Amino acid sequence: MMTFKQFALSLMLASAVVAVPAGAETKIGFVNTERILREAPLSVAAQKKLEREFAGREQELQKRAKQARDLQAQLDKEGVTMSDSERKNKERDLANLNRELQRQGREFREDLNLRRNEELGQIQERARRAIQEIARAEKFDLILEQAVYVDAKIDITDRVMKALGGK
């Protein structure tokens, strides 16, 4: 069964072919945007930037996780020999530490995802401009970003990466 998006794309392609004057050829290109976002030097640099930006917080989370593991190990090992009040205090400390660790981890992931989306948005915008420039310069009628099958001769991903300062 054909989805609405597939149907709309089919109509666009059909109308693009119909709108071309007789004897003229339609020039179609394809860009693998996932590959650009994964491999372009701009993308790699953005990923390294994010890693540096969040390294301190990640180390702090790992340190807190180790504290929780150490406290759990101490409770497992010495819990039976501790007084009830001491054991309850340690269990409460462990529960508080785990709650704080979960909260900090959730905030870390949210902040990282927000920053990653900001960086990817900037890269996508630059890639879109590069694609449009290539399309105008090389007189493409249609450039697709998603396809079930793509012949290598219409794949312009490498040209877009070069335009972005890559391969």
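Select T157 and N32 to begin, and look for the place where the side chain of T157 reaches the backbone nitrogen of N32 at 2.8 Å, the cut-off for a polar contact being a pair of N or O atoms within 3.5 Å, where within protein one must be able to donate a hydrogen and the other to accept it, and residues adjacent in sequence count only if both atoms are side-chain atoms. This is a predicted model, in which local features need pLDDT of at least 70 and side-chain atom pairs count only at pLDDT 80 or more, while totals for chains, interfaces and linings use all residues. Residues are numbered from 1 along each chain as its sequence is written, and side-chain values use heavy atoms, with hydrogens and water left out.

Stay with T157, which lies in helix α5; helices (H or I, at least four residues) and strands (E, at least two) are DSSP runs, numbered from the N terminus. T157 is buried, with a relative accessible area of 0%, where buried means under 20% relative accessible area, exposed over 50%, and partly exposed in between (1.4 Å probe, protein chains only). Now display F30, V31, N32, R35 and I36, with which T157 is in contact once its neighbours within four places in sequence are left aside, contact meaning heavy atoms within 4.5 Å.

Next, keep helix α5 (residues 157-163) in view and select R159 together with E138. These two form a salt bridge whose closest N and O atoms are 2.2 Å apart, a salt bridge being a side-chain nitrogen of Lys or Arg within 4 Å of a carboxyl oxygen of Asp or Glu. Because R159 lies in helix α5 and E138 in the loop between α4 and β2 (142-144), the pair ties together parts that are 21 residues apart in sequence. R159 is partly exposed at 34% relative accessibility, and E138 is likewise partly exposed, at 28%.

Move then to helix α4 (residues 84-137), and select R87 and E91, which are four residues apart and so separated by about one helical turn. Their salt bridge has its closest N and O atoms 3.8 Å apart; R87 is partly exposed, with a relative accessible area of 25%, and E91 is partly exposed at 40%.

Further along, select R115 and E119, also four residues apart in helix α4, whose salt bridge brings the closest N and O atoms to 2.9 Å. Both of these residues are buried. Finally, add K49, E53 and E118 to the selection, as these are linked with R115 and E119 in a network of salt bridges; a search of the whole structure finds 16 salt bridges.
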